[in-house]
Structure formats: structure tokens, C-alpha cells
Amino acid sequence: MLSINSILILGAGELGLALLASLMHDTDQLPDSSKPSITVLLRPSSKPLPRKLSLGTNSSSTVDTSHISVIKHDISSLSSSSLASLLKPYDTVISCTGFSAGKGTQLRITQAALEAGVRRFFPWQFGVDYERVGKGSGQDLFDEQLAVRELLRNQGEGKTQMDWVIVSTGIFTSFIFEDSFGVVEGALSNPSGPITVRALGSWTNALSVTSVEDIAMLTTKILFDDKVHSQVIHVAGDTITYERLVNVVRRLFESSSSSPISLSPSSLDEAIPVTSTREIKKELWTLPYLASQLSQNPADTILKYRVSFSKGVGVSWPLEETYNKREGVETIDVEGWLRGRIGVFRKRSEDGKGGEGEVGGLRYDHYPT
């Protein structure tokens with residue numbers, strides 16, 4: 001197990017909070033002499049951390065945040081030298097800032113980590129395989145991620161080399177079901193309306209996806225894994241074609257009187273009856289169609305993602321090649337994730353709690369990565 005003295009988490013959005021919970025849970029089991037200090041960087045306008053953090057939406061386990069140190073700065077307003085000074089006291093820095101931090105931020109953070117002499121660095125690369133996607137994908141934010149990788153691999157001779165780890169996760173599982181992304185529309189935003197499932201490019205195209213909780217859990221394991229150094233690690237909770245995604249949605253939302261849907265592969269052997277019937281629609285968005293849409297709205301970030309994903313390159317990988325499969329770490333697939341959220345969503349709908357853009361009390365304000 002790798003010895004680490006101090007950890008700084010940049011950002012406490014959906015992934016940052018999940019990672020804090022995972023780190024606190026795992027390090028709490030270490031002897032006091034081996035426990036690293038954990039600090040989180042928040043924006044000056046951010047609310048205080050909650051006193052307790054859940055280990056997952058469907059978990060009753062919580063961790064105490066009283067031992068987490070909080071510092072507040074606006075990264076976008078810091079000079080390069082000031083940002084490096086901010087990172088310098090920490091052994092390990094994990095960036096959970098996301099693309100919402102603005103263009104150029106990921107490159108600035110990486111440069112600052114190198115200047116500060118950070119020993120172990122996890123950049124915000126919790127997403128697709130940018131090298132396989134390649135430059136000119138239609139999403140300019142992806143090109144910046146390639147620049148980050150080039151910088152990490154070419155740190156220069158005669159310098160102490162910073163150990164880095166890139167965790168390729170595919171997109172967050174939750175984003176498949178965000179209406180704004182357009183892949184599964186209506187499943188979790190309306191408890192009784194129709195659901196539209198769309199394929200980007202082809203029904204045989206696939207996506208690798210990982211839940212936020214699993215990303216946090218796996219990143220924590222990788223962080224302390226003394227076999228992992230300066231490399232790209234692939235993880236995934238599921239790799240699923242759009243055709244199989246349709247079957248999963250049908251399985252969970254169509255009437256119990258319907259014929260069982262055969263899923264391959266599947267975590268379940270039989271169709272599970274549900275209490276309501278939902279109309280399921282299928283729609284194919286071809287690459288030419290999406291490219292045409294983007295040409296009419298060239299600044300639309302979501303359209304850029306759709307075009308990139310419709311090419312079917314660098315956005316999926318076999319589960320057998322993932323870190324979690326090699327290490328025998330259990331993760332949740334799309335069907336398991338959705339099944340859990342249906343229960344939470346129905347309860348909140350009946351209670352009259354929750355609101356627009358909320359699923360199970362979580363607000364998804366990130367973009368796919």
C-alpha cells in the first residue's frame with residue numbers, strides 16, 4: 001500500500017463529495033500514524049461541507065467530515081505561481097473541478113502541479129479515452145485533455161518526475177438519463193410519461209459508463225495501489241450498446257404483461273414486473289444528422305458531445321480490460337443503477353419532494369467527460 005501524507009481534492013461537486021466520502025471511509029481504517037490529512041478546495045461562495053456524507057444514494061452508511069480541512073479560493077482568478085504555491089504543501093492532488101471550470105483550467109492545474117512538485121497527481125480525466133478519440137473530434141475540450149496528457153508524459157529531463165494517474169471512466173452513468181443529453185429522455189424526469197431512447201450514430205455503438213460512487217471508490221483504491229504509476233487506467237461499471245440500453249429500459253418500465261426481454265449480457269435472468277406501463281420510443285440520431293445540427297449551432301456544448309459520441313471511437317472499452325475486473329472489484333451496471341434510482345424517484349414523487357433537475361435528491365450539474 002502506497003504511503004501518502006496529505007491529499008488535496010480540488011472541488012466538491014458530485015464527484016468531489018463522493019471521493020471525499022470514499023477517502024474518509026477507507027483511511028479511517030488505517031492506524032493514526034498512517035492516516036493522510038485530507039483537504040478540499042472550495043470556491044469562496046461555496047456552502048460549508050455537510051457534516052455527514054453518504055457512501056452512495058442507496059447506502060445507509062455515512063462518514064463524518066469534521067476531520068476534512070477546507071480552503072477556499074477561486075482557481076480561475078489565481079496566477080500560475082499562486083496556484084502552484086497553493087498545491088505545494090500536498091503529496092497528492094486530485095482534480096474534481098470538471099469542465100465547468102472553464103477552458104484552459106485543466107492545463108493550468110497540471111502545469112501548477114508540476115511547478116509545485118506534487119508527488120502524485122490525478123488530473124480531471126474522468127471520462128473517455130481521449131487519445132483514441134483523437135484531435136478534431138468536434139469537442140474542443142477533448143483537445144485540451146490531450147494537451148494535459150502530453151504535458152504529463154514530457155516533463156523534461158533532469159527534473160524530479162511527478163507520478164500521475166489518469167482514470168478513464170467513460171461518462172457518468174447518471175448522464176445517460178439526463179434529458180439534456182438526449183440518449184434516454186423522460187425516464188427519471190416524469191414518473192408516468194413516455195420514454196425515448198436514442199442511439200448516437202448507430203444502435204451497435206457502445207458506451208462505457210461508471211457511477212459516481214464507483215468512480216470515487218475505484219479512484220481511492222488506485223490512489224493507494226503501489227503498482228500503479230504514471231499510466232492510464234481504464235475502469236467501467238458497464239459497457240453497453242444502445243440496443244441493449246433499450247432492452248434495459250423496456251425491462252424496467254414496460255408492463256409486466258409484456259414478454260420478458262432477453263439481455264446479453266445481463267445481471268438478471270428474468271424480466272422483473274413493474275407497477276406501471278410506460279411507452280418506450282426508439283430513435284436513431286445519425287452522425288450526418290448530428291453534424292448538421294452542430295453546424296447550425298456551433299457553440300452548443302451538448303451537440304459537440306453528441307457528435308463525438310456518435311463516431312463510436314474512444315468512448316467504450318471491454319469490461320475484461322478494466323482495473324475493476326482485473327482486481328475483482330464489484331461495480332454497478334446500468335440496469336442496477338437505474339433500478340436503484342427508480343425506487344428513489346418514485347418515493348420522492350409520492351412525497352412531493354425533489355424538484356426540476358433532481359433525481360433522488362442529487363442535482364446533476366456536470367457535463368459528460
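**Figure 1. The N-terminal segment annotated as a signal peptide, residues 1-29****.** The UniProt record, an unreviewed entry, places the feature "signal peptide" at residues 1-29. In this predicted model, the segment is 48% helix and 17% strand. The C-alpha atoms at the two ends of residues 1-29 are 13 Å apart.

**Figure 2. Overview of the protein and its confidence.** The chain contains 12 helices and 17 strands. Of its 369 residues, 51% count as buried. Among the contacts with a separation of 6 or more, 76% are made by residues 24 or more positions apart. The average pLDDT is 85, and 85% of the residues score at least 70. Two segments call for caution. Over residues 256-275 the pLDDT stays under 50, and the model has 33 contacts beyond four places in sequence for this segment. Residues 345-369 likewise stay under a pLDDT of 50, with 52 contacts beyond four places in sequence. Where pLDDT is low, the predicted coordinates should not be read in detail.

**Figure 3. Aromatic pairs, with F177 and W337 in the centre of the view****.** Eight aromatic pairs are present in the structure. The ring centres of F177 and W337 are 5.4 Å apart and the ring planes lie at 10 degrees; the pair is therefore stacked. This pair joins distant parts of the chain, 160 residues apart: F177 belongs to the loop between α6 (173-176) and β10 (184-185), whereas W337 belongs to helix α12 (residues 334-351). F177 is buried, at 4% relative accessibility, and W337 is buried as well, with a relative accessible area of 3%.

**Figure 4. The tilted pair of W285 and Y289****.** Here the ring centres are 6.2 Å apart and the planes of W285 and Y289 meet at 35 degrees, so the pair counts as tilted. W285 is buried, with a relative accessible area of 9%, whereas Y289 is partly exposed at 36% relative accessibility.

**Figure 5. An aromatic cluster and a lysine over a ring.** W124, F126 and F172 are linked into a cluster by ring pairs. Elsewhere, K282 lies over the face of W203, at 4.5 Å from the ring centre.

**Figure 6. Helix α5 and the elements around its buried residues****.** Helix α5 comprises 14 residues, 140-153. From its first C-alpha to its last it reaches 21 Å, close to the 20 Å expected at 1.5 Å a residue. The buried residues of α5 are L141, F142, E144, Q145, L146, V148, R149 and L152. An α-helix has 3.6 residues a turn, so residues three or four places apart point the same way. The helices against which the buried residues of α5 pack are α3 (105-116), α4 (130-133) and α10 (301-310). The strands in this packing are β7 (120-122), β8 (163-168) and β13 (231-234).

**Figure 7. The surroundings of L207 in strand β12****.** L207 lies within β12, which spans residues 206-210. L207 has a relative accessible area of 2% and is therefore buried. Beyond four places in sequence, L207 touches I171, D238, T239, I240, Y242, F309, V315 and S316. The C-alpha atoms of L207 and A236 are 9.7 Å apart in space, and these two residues are 29 residues apart in sequence.

Key
Residues numbered from 1 in each chain as written. Predicted model: local features only at pLDDT ≥ 70, side-chain atom pairs only at ≥ 80, totals over all residues. Heavy atoms only, no water. pLDDT = per-residue confidence, 0-100. Contact = heavy atoms within 4.5 Å. Phe/Tyr/Trp six-rings, centres within 6.5 Å; stacked < 30°, edge-to-face > 60°. Helix = DSSP H or I, 4+ residues; strand = E, 2+ residues; numbered from the N terminus. Buried < 20%, exposed > 50% of the residue type's maximum accessible area, 1.4 Å probe, protein only. Lys NZ or Arg CZ within 6 Å of the ring centre and 35° of its normal. UniProt positions renumbered as here; feature names shortened; annotations may be inferred. Expected span 1.5 Å × (residues − 1).
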